[in-house]
Amino acid sequence: MDSMGNSGSVFFLILRRMRVPLIVLIVIYAISVLGLTLVPGVDANGQPAPALSFFHAFYFISYTATTIGFGEIPNAFSDAQRLWVIVCIYLTVIGWSYSIITLLALVQDKAFQNVLVNARFARRVRHLHEPFYLVCGCGETGALVCRALDELNIRFVVIESREARVQALDLEDFKTDVPALAADAQQPGILEQAGLGHAKCRGVLALTNDDNANLAIAIAVRLLVPDLPVLARAESPMTEANMASFGTHHIINPYARFADYLGLAIEAPNSMRLIEWLTGLPGQHLPPIRRPPTGKWIVCGHGRFSRPVIRQLADHAVQVCVVTPEPGGAVAPGFRHVAGLGTEAVTLQAAGVEQAVGLVAGTDHDVNNLSIAMTAKDLNPSLFIVARQNWVANEALFKAFEADFTMVPSRIVAHESLATIITPLMAAFLAEVRRRPDVWAADACTRLEEVCGGVVPLVWDVEIDAQSAPAIVHQLTQGPVSLQVLLQSFENREEALELVPLLLVREGASMVFPETTTALCAGDALLFAGSAEVREKQRMALSNANALEYLLTGQDHPAGLVWQWLTARSPRT
Amino acid sequence: MRRYARRGREAYNQKILTASWGAVMNLEKVVFAFFILLAATLNFGFFIGDIARPELHSIYELFAAIVVSLIATVLKFGDRTQIGAIHLATSLVADLQLIAAAVTWAIAVHVTEVGMTVHVTSSVVSLSGGALFANIVSVVILIIETVMMRR
């Protein structure tokens, strides 16, 4: 089925399946026509007459077989002819019914429908003329990413293994037409059909909930289109290491990432805040910051989520007590271990909930996590609670509970992947944030908050090259241009645009929060935070030479040749 | 041979049988070659003889040639190989020529009613001659294919 990508194969499949019915029809017609040319007829006087000629016989059979029935033409038939015509009528009806039944069966055939759907999908992907991303896996994470991409007006193509999810995608109210295919993205043929290798494909996001599938996708992309950015979700450290070994561009392990964030929140709450600001979904409101206290922590659960969390907590000089039904040997030495689920007060009391400052409800069962958190909150109302929410569907419950930190794996992956793959400079900036001290981050937060209010800003990057900034590149050949022009409104030069320049990368060296007086160079890459509206305004300065001229000189230059000539003659006042 | 239990024996026989059949003939290929050759021979039978004498060219033979040629065309449907495509093309050419011959005959006999004059007969027969050429190409391709597939 993999090679049946083009619409030509649909045609061939129909031809192949229709072979037998068509031959049956031809044979039936031939027998009928031949018979009519042999059976003697009768003339108007009842005298024997020669049989019909081929021409008349074919004419008669043609309208009889299709049940049109014009009567006996050219003369009334003899009884012998009528006898033969009875045979012909039944023969041809059988022949036609057989053909039609075969055709109907073909249309209902699952394989045939698959070929049709595949051909339509491949055609839609081929005809994409805008840059697009290839999203593999459209579960909770994938759906979040798709919705956000749609919100940002970015085209995307979806491959998802479950048919029901693809159908659900059709019901989503996307702004653009989204080609989606129910297929296994692990097959390179499917990936190519979905646009891997397409000139406009900007990147691949492997977001399925199966580590092996993500691994297969990542390796296929690396081999087939080595330069294409690929982002893969990995839940086990082993897969993560495997992916890194062949150079996957971005790997996101939601559990390790959350543990990192928790550690960062303890150590540098403002840095954490800044990262949240930048990786959130644009337009989202962020709750005020809460700093996890240091002291005695209880961690319930000991799976892939809890292990990195325990490590992070221990790294930040916090005492940790692990509550897990597993035997104590499984827990790393140096941690207290209490056997149990943590859903009962007795277990939590044994773990010392009254003296603890924080609790992590980190089992892979949402209801248990809520039960643990609520029981603990009853026993010690001042407890700082981190809850793990496995399913987005349980959103309402976790919202009602209001944990201090709620960890949703799919959301972490979605936010990170959007931030890193859509704005490649973001990864560099986030790494910078992690390196800098907390005080610096606090400063940065204030700057961002001034511009965007309490809402997550849109972050975009700008490259100073002939394609995305033709006006600037042209101007640079005439004289220097400072960053200032990208921060002013082209409508009124005095008015500053509500945006913050985050990063400037020039020949591999990066400058965080570049000064407004910095001179731009061709080849620079910049990262800005602001809103979609501001971004559009900034685009004018990048691409429109007249707008840029005004921003530089404060004067409106005439655009047309005639007007330029006229103004050149009369001195400007 | 004693080592084979009854079912094993059956399977063994089956294997011998299918292996020998598979090596000797493939029913689809037989049918295919049969119709291609039959189309060519019928066509030849109609074509042979003085081009201007209607009594040497039976209209029944033309009818048979058209029917067999149509069946041969349908048999070639759905083959996506390069050779399959050429087969289909030559067959379509033959159909077209034969149908043109039949239409010429029908017009002469039934529409204009000039009957089988020398002119009409020779044009019907020469059209079938064109079809014969296409059919010969088909046969040649069939032979080439057979030789190519032989290992």
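Helix α17 of chain A covers residues 409–422, and its length adds up nicely: with 1.5 Å a residue, its 14 residues should span 20 Å, and because the end C-alpha atoms are 20 Å apart, expectation and model agree. Keep in mind as you read that this is a predicted model. Below is a short tour, from this helix out to the whole chain and then to its partner.

**Helix α17 of chain A**
- Most of α17(A) is covered, with 12 of its 14 residues buried.
- Which residues of α17(A) are buried? Toward the start of the list come Pro409(A), Ser410(A), Ile412(A), Val413(A) and Ala414(A), among others.
- The buried residues also include His415(A), Glu416(A), Ser417(A), Leu418(A), Ala419(A), Thr420(A) and Ile421(A).

**Chain A as a whole**
- Chain A holds 23 helices and 18 strands.
- Of its 573 residues, 39% are buried.
- Looking at contacts in chain A with a separation of 6 or more, 66% join residues 24 or more positions apart.

**Where chain A meets chain B**
- The contact draws 12 residues from chain A and 13 residues from chain B.
- On the side of chain A that touches chain B, the elements giving two or more residues are α1 (7–17), α2 (19–38) and α3 (54–65) of chain A.
- The biggest giver on that side is α2(A), with six residues.
- How do the residues on the side of chain A that touches chain B divide into nonpolar, polar and charged? Nine are nonpolar, one is polar and two are charged.

Terms used: Residues are numbered from 1 along each chain as its sequence is written. Chains are lettered from A and ligands numbered from 1 in the order in which they are written. This is a predicted model: local features need pLDDT of at least 70, side-chain atom pairs count only at pLDDT 80 or more; totals for chains, interfaces and linings use all residues. Two residues are in contact if their C-beta atoms, placed from the backbone, lie within 7 Å. Helices (H or I, at least four residues) and strands (E, at least two) are DSSP runs, numbered from the N terminus. Ala, Val, Leu, Ile, Met, Phe, Trp, Tyr, Cys and Pro count as nonpolar, Asp, Glu, Lys and Arg as charged, and the others, Gly among them, as polar. A residue is buried if 20 or more other C-beta atoms lie within 10 Å of its own, exposed if 12 or fewer, and partly exposed in between; C-beta atoms are placed from the backbone. The expected span of a helix is 1.5 Å times one less than its number of residues.
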